[in-house]
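Colleague: I should be grateful for a close look at a single part of this model, together with the contacts and charged pairs that bear on it. Please set the account out as one connected description.

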Amino acid sequence: MKETGIVPLFYNPDAEVCKKMAKACYDGGARAFEFTNRGEFAQEVFKELSLYAKAELPGMAVGVGSIVDAGTTSLYIQLGADFIVSPIMNPEMAKVCNRRKILWSPGCGTLSEINQAEELGCELVKIFPAEQIGGPAFVSSIKAPCPWTDIMPSGGVTPEYDNLKAWFRAGATCVGMGSQLMKKSYFAENKYAELAVKVKETIELIQKIKSEL
C-alpha cells in the first residue's frame, strides 16, 4: 500500500468480473485490492476471488472492506482475506485481526478515534468519508501533532493530478479509490486492458507527486 500508494475498491456479484478487475489492477501495478462486502452472498464471491488471486496474482494482497462487526471479520479471514477495512472504528474487530496478525484499517473521523485505533494496534487508519470530514486539510491537521500516523483517505479521491497531490502533500500514506477509478464501463464494455493502463498511469502519477514533495 505504501509502495504503490493506491488501493482499488470494487464489488460485483459476478465473481468472474471481480477476477478480471483484480487482474487488470494487478497488470497495472497495484498490489492491494479491496473487495467491498456488499450484496447477498458476497462472501461466496470473495471466496472465488481469493482462491484465484492466491493462484494467479502472486504478491497481490486481497482484502475486504465495508466490514462492521467481529463475526463478519472472522468469516472473511477464514476465506483468505489479507486485510480488513471498515467504515467505522469497532474495537471487537481489532481483537479478531490482531489475533491472526491481519492488517485492520478502521474508518475514523476524529483524532480521538484515530488515537484509540492506534492503541488497539491499528497501523493504517482509514479516514472516511474523507472529503466530507475535512479533505486534505483534515489529514495535514492530524499529521501535525501525530506524524507517526499512517492515513488512507477513502471517499472523494480521484485519479487526477491536483486531487492526488492535495492528499499526498497533506501526508496521506495511500489512497482508496472506488468508482472514480473502477468505472462501470471497464467491466460493462469488457475494457479491462484500459483499466490496467489507467491503474498504471495513476500509480506513476502518485510516484511523480511523491518525488515532488
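Modeller: In this predicted model, helix α1 covers residues 15-27, and at 1.5 Å a residue its 13 residues should span 18 Å; the end C-alpha atoms are 18 Å apart, so the expected and modelled spans agree. At the start of α1, the backbone nitrogen of Glu16 has a side-chain oxygen of Asp14 within 2.8 Å. After the helix comes Gly29, with a positive phi near 110°.

The buried residues of α1 are Ala15, Val17, Cys18, Lys19, Met21, Ala22, Ala24, Cys25 and Tyr26. Their cover includes strands β1 (6-10) and β2 (32-36), along with helices α2 (42-56), α8 (184-188) and α9 (192-212).

One member of that buried set carries a charge and deserves separate treatment. Lys19 counts as buried because its relative accessible area is 15%, below the 20% limit. The side chain of Lys19 forms a salt bridge with Glu48, at 3.8 Å from N to O. This pair joins distant parts of the chain, since Lys19 belongs to α1 and Glu48 to α2, with their positions 29 residues apart in sequence. Glu48, by contrast, is partly exposed, at a relative accessible area of 40%. The pair does not stand alone: Glu16, Lys19 and Glu48 are linked in a network of salt bridges.

The model has nine salt bridges. Two others among them lie within single helices. In helix α4 (residues 91-100), Glu92 and Lys95 are three residues apart, which means that about one helical turn separates them. Their side chains meet at 3.3 Å, N to O. Glu92 is partly exposed at 40% relative accessibility, and Lys95 is partly exposed at 48%. In helix α9, which is also listed in the cover of α1, Glu204 and Lys200 are four residues apart and thus separated by about one helical turn. The salt bridge between Glu204 and Lys200 has an N to O distance of 2.6 Å. Glu204 has a relative accessibility of 43% and counts as partly exposed; Lys200 is partly exposed, also with a value of 43%.

Lys143, in helix α6 (residues 135-143), offers a contrast to Lys19. Lys143 is buried yet has no salt bridge, and the nearest side chain of opposite charge, that of Asp150, is 4.7 Å away. A salt bridge requires a distance within 4 Å, so Asp150 lies beyond the limit. Polar atoms of the Lys143 side chain do lie 3.2 Å from the backbone oxygen of Pro147 and 2.8 Å from the backbone oxygen of Thr149. Leaving aside neighbours within four places in sequence, Lys143 is in contact with Thr149, Ile151, Ala170 and Gly171.

The nonpolar interior completes the account. The largest nonpolar core has 64 residues, of which Phe35, Tyr76, Ile84 and Leu164 touch the most other members. Apart from this core lies another, of eight residues, among them Val7, Leu9, Val85 and Cys174. Beyond four places in sequence, the residues touched by Tyr76 include Phe35, Phe46, Val64, Ile67 and Ile84. Thr72, in helix α3 (residues 70-78), touches Asn37 and Ile67, with residues up to four places away left out. Asn37 and Ile67 are also among the contacts of Tyr76. Thr72 is partly exposed, with a relative accessible area of 21%.

Note on methods. Residues are numbered from 1 along each chain as its sequence is written. This is a predicted model: local features need pLDDT of at least 70, side-chain atom pairs count only at pLDDT 80 or more; totals for chains, interfaces and linings use all residues. Side-chain values use heavy atoms; hydrogens and water are left out. Buried means under 20% relative accessible area, exposed over 50%, partly exposed in between (1.4 Å probe, protein chains only). Lys and Arg count as positive and Asp and Glu as negative; His and the chain ends are not counted. A polar contact is a pair of N or O atoms within 3.5 Å; within protein, one must be able to donate a hydrogen and the other to accept it, and residues adjacent in sequence count only if both atoms are side-chain atoms. Contact means heavy atoms within 4.5 Å. A nonpolar core is a set of buried Ala, Val, Leu, Ile, Met, Phe, Trp, Tyr and Cys residues joined through side-chain atoms within 4.5 Å. The expected span of a helix is 1.5 Å times one less than its number of residues.
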